[in-house]
Amino acid sequence: MKELSMHILDIAMNSVKANASLIEIEIMDSIKDDVLKIIINDNGNGMSKEILNQVTNPFYTTRKTRKVGLGLPMLKEACERCNGNLTIDSTIGKGTKVECCFERSNIDRAPLGNIGDTIMTIINSLVDCELIYKHKVDMLTFSVSTTEIKEILENVDINESSVLLWIKEYINENIKNLYNY
Ligand SMILES: Nc1ncnc2c1ncn2[C@@H]1O[C@H](COP(=O)(O)OP(=O)(O)OP(=O)(O)O)[C@@H](O)[C@H]1O
Ligand SMILES: [Mg+2]
């Protein structure tokens with residue numbers, strides 16, 4: 001069972017490969033409604049109807065001839081195993097939105113995993129691209145963006161290892177607080 005943070009890393013890397021200059025990752029966790037939703041939105045190249053069909057149609061994913069990888073089909077499978085679903089909205093030249101949800105309490109629902117680590121890894125791979133991360137747990141929200149971090153850092157590089165480690169700890173600490181409230 002793959003942790004959800006690993007799926008988020010996969011999907012965000014697609015946005016990086018699509019030359020996005022803005023990536024938004026949002027986690028909406030509702031204990032009350034028993035739904036965990038993940039949205040990854042980018043303003044990158046987008047994908048054609050043909051590719052879209054290949055990554056969402058299970059008929060294609062089982063074929064050895066498929067030209068594309070397994071990131072999206074695997075996430076789709078993980079969602080559907082938990083009474084959830086995955087939808088992709090993509091426009092060539094505009095961007096892509098991947099939205100997926102899980103039944104939160106489902107026995108097959110993977111844990112979130114180390115989100116701080118994942119966001120740190122994503123930030124480290126960005127070139128001329130900003131990232132916004134939002135995490136909602138019922139009524140509480142935590143959000144952070146590379147733009148605001150860069151403002152605070154002034155002349156220090158966001159990709160310096162001490163800064164990246166700080167970001168990781170900062171995110172994990174804030175997520176922990178969302179759940180301990
Ligand atoms: N955010 C995105 N923007 C543009 N195209 C995308 C995006 N996400 C996915 N795609 C397209 O869909 C294809 C399938 O993505 P998927 O993550 O399933 O596999 P992959 O990235 O090709 O390989 P893998 O993730 O296994 O290394 C990609 O090759 C790309 O063409
Ligand atoms: Mg991929």
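Asn83 is partly exposed, because 13 to 19 neighbours define that class and Asn83 has 16 other C-beta atoms within 10 Å. In full, a residue is buried if 20 or more other C-beta atoms, placed from the backbone, lie within 10 Å of its own, exposed if 12 or fewer, and partly exposed in between. Asn83 is found in the loop between H4 and strand E3 (85-91), and its phi is positive, about 60°, although Asn83 is not a glycine. Helices (H or I, at least four residues) and strands (E, at least two) are DSSP runs, numbered from the N terminus.

Asn19 likewise has a positive phi of about 60° without being a glycine. The loop between H1 and strand E1 (22-30) holds Asn19, which is partly exposed because 13 other C-beta atoms lie within 10 Å.

The model discussed here is predicted: local features need pLDDT of at least 70 and side-chain atom pairs count only at pLDDT 80 or more, while totals for chains, interfaces and linings use all residues. Residues are numbered from 1 along each chain as its sequence is written, and chains are lettered from A and ligands numbered from 1 in the order in which they are written.

Seven helices and six strands make up the secondary structure of the protein chain, in the order α-β-β-α-α-α-β-β-α-β-β-α-α along the sequence. The C-alpha trace spans about 50 × 35 × 25 Å along its principal axes. The radius of gyration of the protein chain, taken over C-alpha atoms, is 17 Å, which agrees with the value near 16 Å for a compact globule of 181 residues (the rule is 2.2 Å times the number of residues to the power 0.38). Of these 181 residues, 28% count as buried.

Strands E5 (residues 130-137) and E6 (residues 140-145) run antiparallel and are joined by six bridges; two strands pair if DSSP finds at least two bridges between them. Lys134 stands opposite Ser143 in E6. The two strands form a hairpin with two residues between them, and Asp138 in the turn has a positive phi of about 50°.

Turning to the ligand, 18 residues surround ligand 1, and Asn14, Ala18, Gly69, Gly71 and Leu72 come nearest (a residue is near if its C-beta atom, placed from the backbone, lies within 6 Å). Helix H1 (4-17), helix H2 (49-56) and helix H4 (71-81) are the elements that give two or more residues to this shell. Asn14 is placed in helix H1 and counts as buried, because it has 21 C-beta neighbours inside 10 Å. Between Asn14 and Lys32 there are 32 Å in space, C-alpha to C-alpha, for a sequence separation of 18 residues.
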